[in-house]
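This report describes one protein structure. Please look at the sequence and the model before reading on.

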Amino acid sequence: MATLYNWGIYPKIEARILETGRKADLPSLLEHSTEVIARGNGRCYGDSALQQDVFSTLKLNKIHHFDTQNGRVRAEAGLLLSD
């Protein structure tokens, strides 16, 4: 269990954090959670992505392809814009 909150620092909740760095692990990781929400970097205002079971996408942060011609990036959900 971990205390989660976003930039507004309200509300704060206790949540179980689920995470993996491998997409192949997702089905087994989520198998026992009936209500889970994906969460990015937690830098939103309000109570977005706060649930009893939270899947952190931060370890899914790989770039799969960068098209230099068009400036398009294909990346996993946990990649931060600062990266």
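The text below goes from the overall fold to the core and then to the salt bridges.

**Overall layout**

The model is predicted. The protein contains one helix and six strands, and their order along the sequence is β-β-α-β-β-β-β. Measured out along the principal axes, a box of roughly 45 × 30 × 15 Å holds the C-alpha atoms. Of the 83 residues in the protein, 23% are buried. Among contacts with a separation of 6 or more, 41% join residues 24 or more positions apart.

The exposed surface comes to about 6,100 Å², and 51% of this is supplied by carbon and sulfur atoms. The protein carries 10 positive and 10 negative charges, and the mean positions of the two sets are 6 Å apart.

**The nonpolar core**

In soluble globular proteins, nonpolar side chains tend to be buried together. Here, the largest nonpolar core consists of five residues, namely Leu4, Ile13, Ala15, Leu50 and Val54. Which residues does valine 54 touch, leaving out those up to four places away in sequence? They are Leu4, Ala15, Arg16, Ile17, Leu18, Val36, Ile37, Arg39 and Ala49.

**Salt bridges**

How many salt bridges does a search of the whole structure find? The search finds three. The table gives each pair with its N to O distance.

| Pair | Distance, N to O |
|---|---|
| Arginine 16 and aspartate 53 | 3.0 Å |
| Lysine 59 and glutamate 19 | 3.9 Å |
| Arginine 22 and aspartate 25 | 3.0 Å |

Take the salt bridge between arginine 16 and aspartate 53. Arginine 16 belongs to strand β2 (residues 13-19) and aspartate 53 to strand β4 (residues 53-56), so this pair ties together parts that are 37 residues apart in sequence. Arginine 16 has a relative accessible area of 34% and is partly exposed. Is aspartate 53 buried or exposed? Aspartate 53 counts as buried because its relative accessibility is 13%, and the cut-off for buried is under 20%.

A second salt bridge joins the side chains of lysine 59 and glutamate 19. Lysine 59 sits in the loop between β4 and β5 (63-67), while glutamate 19 is in strand β2, so the pair ties together parts that are 40 residues apart in sequence. Lysine 59 is partly exposed at 44% relative accessibility, and glutamate 19 is partly exposed at 37%.

The remaining salt bridge is formed by aspartate 25 and arginine 22. Aspartate 25 is partly exposed, with a relative accessible area of 25%. Arginine 22 has a relative accessible area of 52% and is therefore exposed, since exposed means over 50%.

Definitions and conventions
Residues numbered from 1 in each chain as written. Predicted model: local features only at pLDDT ≥ 70, side-chain atom pairs only at ≥ 80, totals over all residues. Heavy atoms only, no water. Helix = DSSP H or I, 4+ residues; strand = E, 2+ residues; numbered from the N terminus. Buried < 20%, exposed > 50% of the residue type's maximum accessible area, 1.4 Å probe, protein only. Contact = heavy atoms within 4.5 Å. Areas by Shrake-Rupley, 256 points an atom, 1.4 Å probe, with all protein chains shown as cover. Lys, Arg positive; Asp, Glu negative; His and termini not counted. Charge placed at Lys NZ, Arg CZ, Asp CG, Glu CD. Core = buried A, V, L, I, M, F, W, Y, C linked by side-chain atoms within 4.5 Å. Salt bridge = Lys/Arg side-chain N within 4 Å of Asp/Glu carboxyl O.
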